[in-house]
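Let's take a walk through this one together, with the sequence on one side and the model on the other. Have a look at it before reading on.

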Amino acid sequence: MSNKIYIFLFFCVVLVSSCSKMYDNLDKYAGETIYPGRFDTIVGRVGFERVEIDLMKAGRVPASQIKLGKAMKTVVEYDNKQVTIDSLASWLNIKDLKVSKLYRFRIYTIDEHGNKSVPQQIGLIPYTETDLGNLVMPSPQALTSPSSAVLTWPTGLSSAVLTYYGLKYSYKDKNGATKEGERAQSPRILMTNLNAGAIASVDINYKIIPKVNGTPILDTVWVARKVQTSIPTGSTPFQPSETAILAVNGVTTFTPDAVASVQKLTFPVHTVNLQDLFYFQGLKEVDLTGGTLFEMTKNSYNRNSVTDVIGGGPIVPFARRVGDMPAQSAQFLIDLLEQGKLTKVKYLANSMGIDNLLAPYVGSGVVEIVAKPDEALIPLQPFLLNGVIQDANWELAVDETGGAYPAGTGLQNVVKATVRKANGTLVIQLPKEYEFDATQYKFLKLKVYAPPKAALSGSYAPYQRLWFRVMNYLWAFTTESSYGQQYWEHGKDAFKIPDANLQTWTDMTIDLSQFAGKHNRVIVINIGGEPSGATFPPAQEITYYFANMRFSKN
């Protein structure tokens, strides 16, 4: 029994001894620092003489929502400076970095005892005044006359190193008067009342956001630059942009002195731009209708052993300039209106697409808008193109005078069309310098006289319908529109002719609402919808008559 007691006491002694050494290995760590929580990321962006640094993957959150253990404050070290923020910051805005150099930022947290977290580090180079001074601004293009200058930036001001947002300018005229202004996108500065033969200066402040390695900085800044341009004398030649148009107006010597006495100019509807007005400072009247001086352009064709010409003659109401005249091209006219130099501007409604620019001057009577008729007949002689030029299978025997045609009431511009090949087609086309006036004219109207039923039976039954197609150009002439092909149609069966309407003049209306937003100038009227199975020539001729073909507003 006593032996068992001794053995038990021995084990108790050993156990106590072992437990007393359990924490011996922790003694060497008793003085170790416990680090506060660290920021989990560091991302920097540069601004003008400042940087912004993000420190939390969760984004920019209030200090009250940041939990980093015992961390209480934020410390930033850079450029031999130390800045302590009495809270935890998810992002920093560090300002007053005026030197263009690499700043190394070391950012960490501290707890109430001053213990530091593991730091986050980043190097950033702010955008400074030095960088602005080295920034190359695009130079303007100057158009000058003896008393004026126009500064433009045709290729824009934004580039790989900056994004442009606006500008302010200031200059003094020859009387010492200060002229100021502001411009936004596509800036244009008109300087007037300048000294001939002198140097004109203008101070320009550009509103921009610079880019560093293609990335915009955080801030919008203003960049000041001085632009100078030489002002010519009255004997200095200028280069007109519409030489042929000016020649028709009798202007063949191109110096400001030579054109000083010109008081009226006439321009055709297809005019590309009105820049030449800038040189005619004595101008009083501008006619944009073409007047009696100009006819429509002509386009000549020679294909598939056929030649033809379309166009010519006075401008027709349903034709307008192809595409709107760019505002920068029309602005030279607006300059003269704003300066009160013009007493009369004559303009055909919706002919050049500058109606909105001219609208402010209509009420005073200076601008006259010539209205278009509710309906406009299509004179076939200038605009009817031989379809064989597109496709030999489009052959029709066409008599544009109508020859001996069926009697009817009020018939005009009768055309006789006999199908010679399976896809016989009538083509109405404007010269490529024009398009149909889709804004004014919403419908194509005409009278149709179809052949007898006997000619439209069997395999020729499909020829009892008309297929209207509208486009910018015929497929063989893809270069005739800078707007590409904008084709549309109503479908082959949209205009079937009922038996009851055969051999009688029948009114037909084609909705042209799909014109809107397009630059269409070609209408193709196919007889039969290009069916298959019929042989030509048929036993009995298929002859249609068309009359009173016209564009209508209603």
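Are Y103 and F105 buried or exposed? Keep in mind while you look that this is a predicted model. Both residues turn out to be buried: Y103 is, and F105 is too. They belong to a bigger topic, the aromatic pairs, of which a search of the whole structure finds 25. The ring centres of Y103 and F105 sit 6.3 Å apart with the planes at 25 degrees, so this pair is stacked. The cut-off for stacking is under 30 degrees between the planes.

Aromatic rings also gather in a group here. F318, F383, F436, Y441, W488, F515 and F551 make up one aromatic cluster. Keep F551 in mind, as its number falls within a strand we'll get to below, β34 (residues 543–552).

Two tryptophans have a charged side chain for company. K168 lies over the face of W222, 5.0 Å from the ring centre. For W467 the partner is R469, which lies over the ring face at 3.8 Å from the centre.

Now for the strands, beginning with β34. Ten of the ten residues in β34 are buried, so this strand is largely enclosed by the rest of the structure. Which strands pair with it? One is β23 (residues 375–377), joined to β34 by three bridges and running antiparallel to it; here E375 has S552 as its bridge partner. Another is β26 (residues 415–419), which pairs with β34 in the antiparallel sense over four bridges, with V415 standing opposite F546. Then there is β29 (residues 443–449), which is joined to β34 by six bridges, again antiparallel. In that pairing, K447 is matched with A547.

Follow β29 across and you arrive at another neighbour. Six bridges also join β29 to β32, and these two run antiparallel. L446 of that pairing has M508 in β32 as its bridge partner. What do the side chains of β32 (residues 506–511) do along its length? In a regular strand the side chains alternate between the two faces of the sheet. That is how β32 looks: T506, M508 and I510 point to one face and are buried, while D507, T509 and D511 point to the other and are not buried. So M508, the partner of L446, is on the buried face.

From strands, let's move to a helix, α5 (residues 327–338). Nine of its twelve residues are buried, so α5 is largely enclosed by the rest of the structure. The buried ones are S329, A330, Q331, F332, L333, I334, D335, L336 and L337. After the helix comes G340, with a positive phi near 75 degrees.

Helix α5 is a handy guide to the empty spaces in the model. How much space lies in the largest pocket? About 480 Å³. Its lining has 16 residues, and T152, P154, R188, Q328 and S329 are the ones nearest its centre. The elements giving two or more residues to this lining are β8 (141–144), β9 (149–152) and α5. The largest share, five residues, comes from α5. By class, the pocket lining has seven nonpolar, eight polar and one charged residues.

There are closed spaces as well: the structure holds two cavities of 30 Å³ or more. The largest has a volume of about 60 Å³, and α5 turns up again, giving the most to its lining with three residues. The full lining is S148, L190, T192, F278, Q281, F332, D335, L336 and Q339. These residues divide into four nonpolar, four polar and one charged. F332, D335 and L336 of this lining are also on the list of buried helix residues. An α-helix has 3.6 residues a turn, so residues three or four places apart point the same way.

The second largest cavity comes in at about 50 Å³. Around it are P268, V269, H270, T289, G290, F294, E295, M296, I315 and Y434. That lining divides into six nonpolar, three polar and one charged.

Methods
Residues are numbered from 1 along each chain as its sequence is written. This is a predicted model: local features need pLDDT of at least 70, side-chain atom pairs count only at pLDDT 80 or more; totals for chains, interfaces and linings use all residues. Side-chain values use heavy atoms; hydrogens and water are left out. Rings of Phe, Tyr and Trp (its six-membered ring) pair if their centres lie within 6.5 Å; planes under 30 degrees apart count as stacked, over 60 as edge-to-face and the rest as tilted. Buried means under 20% relative accessible area, exposed over 50%, partly exposed in between (1.4 Å probe, protein chains only). A charge sits over a ring if NZ of Lys or CZ of Arg is within 6 Å of the ring centre and within 35 degrees of the ring normal. On a 1 Å grid over the protein atoms alone, a cavity is a set of points where a 1.4 Å probe fits but cannot get out, and a pocket is an open set with protein on both sides within 12 Å along at least five of seven lines; lining residues have an atom within 4 Å of a point. Grid points are joined across faces, edges and corners, and a volume is the space filled by probe spheres set on the points. Ala, Val, Leu, Ile, Met, Phe, Trp, Tyr, Cys and Pro count as nonpolar, Asp, Glu, Lys and Arg as charged, and the others, Gly among them, as polar. Two strands pair if DSSP finds at least two bridges between them.
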